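Student: I am new to this structure. Please take me through one part of it closely, the place where its helices meet.

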Amino acid sequence: MKVFWYLIGFFTIILILINNPKFTSLGGFSSKSSSLNVTRSTQKNLQIIIIINICLFLGSTILYVLSSTIY
C-alpha cells in the first residue's frame, strides 16, 4: 500500500513539472523544444490526468491512515 502511495506521489510531481505553463512545449527541460509541441487539448488532457492523480493520492492517503490506525 505504501509503495502505491509513493508511486502516485512521484508520478503526480513529474506530471506537474511537465505541465509548467512557462514552457510552450513538453521539451522545455531539454534543448529540443520543437520535438514535443503541446496543443490546448493535450494540455487539458494532462491537467485532467493531474487532477485524477491528486484525487488518487489523497484517497490513498486516507486509506493508508485508516488502515494504519486499525492494525
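Tutor: What follows is a close look at the contact between the helices, from the overall layout down to single residues.

Start with the basics. This is a predicted model. The protein has two helices and zero strands. It has 71 residues, and 17% of them count as buried. Now take the contacts with a separation of 6 or more. Residues 24 or more positions apart account for 65% of these.

Next, the helices themselves. Helix α1 covers residues 2-18, and helix α2 covers residues 40-70. Their axes come within 9 Å of each other and cross at roughly 155°. Angles over 145 degrees count as roughly antiparallel. The crossing angle therefore makes α1 roughly antiparallel to α2. The crossing is left-handed.

Who makes the contact? On the α1 side, the residues are K2, F4, W5, I8, G9, F11, T12, L15, I16 and I18. On the α2 side, they are L46, I49, I50, N53, I54, L56, F57, S60, T61 and Y64. Sorted by character, the residues of this contact divide into 14 nonpolar, five polar and one charged.

Look at two α2 residues from that list, N53 and S60. Take N53 to begin with. N53 sits in helix α2. Its relative accessible area is 9%, so N53 is buried. Leave aside residues up to four places away in sequence. N53 then touches I8, F11, T12 and L15. These four also appear on the α1 side of the contact.

Now S60. S60 is found in helix α2 too. Its relative accessible area is 4%, so S60 is buried as well. With residues up to four places away in sequence set aside again, S60 touches M1, F4, W5 and I8. I8 is thus a partner of S60 and also a partner of N53.

W5 leads on to the aromatic residues. The structure holds three aromatic pairs. One of them joins W5 and Y6. That pair is tilted, with 5.4 Å centre to centre and 40° between the planes. Another joins W5 and Y64. That pair is stacked, with 5.8 Å centre to centre and 15° between the planes. W5 lies in helix α1 and Y64 in helix α2, so the pair ties together parts that are 59 residues apart in sequence. Y64 has a relative accessible area of 26%, so Y64 counts as partly exposed. Taken together, W5, Y6, F57 and Y64 form one aromatic cluster. Among these, W5, F57 and Y64 also belong to the helix contact.

Two more α2 residues show how sequence and space differ. L56 has its place in helix α2. L56 is 51 residues from W5 in sequence. In space, L56 and W5 are 8.7 Å apart, C-alpha to C-alpha. L56 counts as partly exposed, because its relative accessibility is 43%. L56 is also one of the contact residues.

I51 lies in helix α2 as well. I51 and T12 are 39 residues apart in sequence. In space they are 8.9 Å apart, C-alpha to C-alpha. I51 counts as exposed, because its relative accessibility is 52%.

So, to recap the picture: α1 is roughly antiparallel to α2, and the crossing is left-handed. N53 is buried, and so is S60. The W5 and Y64 pair ties α1 to α2.

Definitions and conventions: Residues numbered from 1 in each chain as written. Predicted model: local features only at pLDDT ≥ 70, side-chain atom pairs only at ≥ 80, totals over all residues. Heavy atoms only, no water. Axes fitted to C-alpha atoms, helices over the stretch in contact; angles between N-to-C directions. Parallel < 35°, antiparallel > 145°, perpendicular 65-115°, else oblique. Left-handed = near helix turned anticlockwise from the far one by under 90°. Contact = heavy atoms within 4.5 Å. Nonpolar A, V, L, I, M, F, W, Y, C, P; charged D, E, K, R; others polar. Buried < 20%, exposed > 50% of the residue type's maximum accessible area, 1.4 Å probe, protein only. Phe/Tyr/Trp six-rings, centres within 6.5 Å; stacked < 30°, edge-to-face > 60°.
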